[in-house]
Amino acid sequence: MNLEQLEYIVQVAKTGSFTKAAEQSHVTLSAISQSISLLEAEWGVSLFHRSRGLGAVPTPEGRALIVKANEALDALRELKAEAQSYSDALSGRLRIATIPGPMHLLVRVVSSFKRDYPGVKVEIMEKGPKEILELLKHDQIDIGLIALPESLLHQQRGLVFERLLEGKMVVGVNEQSPLRLESAITPDKLAKQTFVLYDDVHIRNFMDQFAAAYGEVDILFISNNTQAIYNAVNEGIAVTIGLEYSFKEDGEHILTLPLESPSSEPVYYGWVHPEEKHIARAAKRFLNRLQAEL
């Protein structure tokens, strides 16, 4: 069996004639007839009733097999189109908005993407989750990257959320802090610390729950300036709390330690898009790269 034989039996079924199928396939009648006869012998079934008056009529077995052959040809055409799309040069604009924490993870991916697709102008911005959803709603960005806790994954009406990373809250401490010797930070030890916090809804919710369970906490400041937070921790002034994938790989002399908290549910970083919106080819290509490299 080969692809050509499948195309022939589908064409004969469509035209109802070996002669017309041969003409449309630009081959001789004997070539198409012999090819289909070889396929019938290989499969051990008769695919067509051959009659001068009625033309070529599929047998019951032939009808079932021709349907499968047509499905196989459609699948191959889709595969070819998909492969072709990867070889085509990309161009245009790709607008990405992400929550601030994982920005350092995206820089490497954006850099490699731009090397491979220099014709695409990439714009990347840091926004809060509500702003990102609004930008998506008004078609002002192509990709929105946000974080959602497990409990909220299925509450996003009209949106599809695709997970990229799973993270839990960790404690960031100075590399000289006495806490560095701990394998994990217990809530009672954490409650005694001074905090500098990133202004993020998940961190705020976590700290509110923590304070309700273990008492009021000492917060030095809350800011969206990540460098100010890192500086305060590096100088040993305070500790910080964040999702593990939000900390840079080099750590900037900050150690991250697990937090022993039974109420801490996973928070997933991923991309969100409207359920019925078509995803642009450049965005789809970038997301494939992002999934592969994270």
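Is His26 buried or exposed? With a relative accessibility of 73%, His26 counts as exposed, because that value is over the 50% cut-off. Keep in mind as we go that this is a predicted model. His26 sits in the loop between α2 (18-25) and α3 (29-43). There is something else to look at here: His26 has a positive phi, about 60°, even though it is not a glycine.

Further along the chain there is another residue to set beside His26. Asp139 is not a glycine either, and its phi is also positive, near 55°. You'll find Asp139 in the loop between α6 (129-137) and β5 (143-149). Its relative accessibility is 44%, so Asp139 counts as partly exposed.

Now let's go back to the start of the chain and look at how the helices there pack. Two packed helices are described by the angle between their axes and the distance between the axes. Take helix α1, residues 3-15, and its partner α2: the angle is about 125° and the axes are 8 Å apart. What does that angle make α1 and α2 to each other? They are oblique, because about 125° falls outside the 65 to 115 degrees that count as roughly perpendicular and is not over 145, where roughly antiparallel begins. The crossing of α1 past α2 is right-handed.

To see where these two helices touch, pick out Tyr8, Gln11, Val12 and Thr15 on the α1 side. Across from them, α2 brings in Phe18, Lys20, Ala21, Gln24 and Ser25. Sorted by class, the residues of this contact come out as four nonpolar, four polar and one charged.

Helix α2 also packs against α3, on the other side of the loop that holds His26. Here the angle is about 110°, and the axes lie 8 Å apart. That angle makes α2 roughly perpendicular to α3, because it falls within the range of 65 to 115 degrees. From α2, the contact uses Phe18, Thr19, Ala21, Ala22 and Ser25, while α3 supplies Leu29, Ile32, Ser33 and Ile36. The mix of classes in this contact is six nonpolar, three polar and no charged residues. If you have been following the names, Phe18, Ala21 and Ser25 of α2 are listed in the contact with α1 and again in the contact with α3.

Next come the aromatic rings. How many aromatic pairs does a search of the whole structure find? It finds seven. One of them joins Phe113 and Tyr117, with ring centres 4.9 Å apart and planes at 50°, so this pair is tilted. Phe113 has 0% relative accessibility and counts as buried. Tyr117 counts as buried too, at 14%, because the cut-off for buried is under 20%. These two residues also belong to a cluster: Phe113, Tyr117 and Phe286 form one aromatic cluster.

Tyr245 and Tyr269 make another tilted pair, at 5.7 Å centre to centre and 40° between the planes. This pair links distant parts of the chain, 24 residues apart. Tyr245 lies in the loop between β10 (240-243) and β11 (254-258), and Tyr269 in strand β12, residues 267-274. Is each partner buried or exposed? Tyr245 is buried, with a relative accessible area of 7%, and Tyr269 counts as buried at 0%.

Technical notes. Residues numbered from 1 in each chain as written. Predicted model: local features only at pLDDT ≥ 70, side-chain atom pairs only at ≥ 80, totals over all residues. Heavy atoms only, no water. Helix = DSSP H or I, 4+ residues; strand = E, 2+ residues; numbered from the N terminus. Buried < 20%, exposed > 50% of the residue type's maximum accessible area, 1.4 Å probe, protein only. Axes fitted to C-alpha atoms, helices over the stretch in contact; angles between N-to-C directions. Parallel < 35°, antiparallel > 145°, perpendicular 65-115°, else oblique. Left-handed = near helix turned anticlockwise from the far one by under 90°. Contact = heavy atoms within 4.5 Å. Nonpolar A, V, L, I, M, F, W, Y, C, P; charged D, E, K, R; others polar. Phe/Tyr/Trp six-rings, centres within 6.5 Å; stacked < 30°, edge-to-face > 60°.
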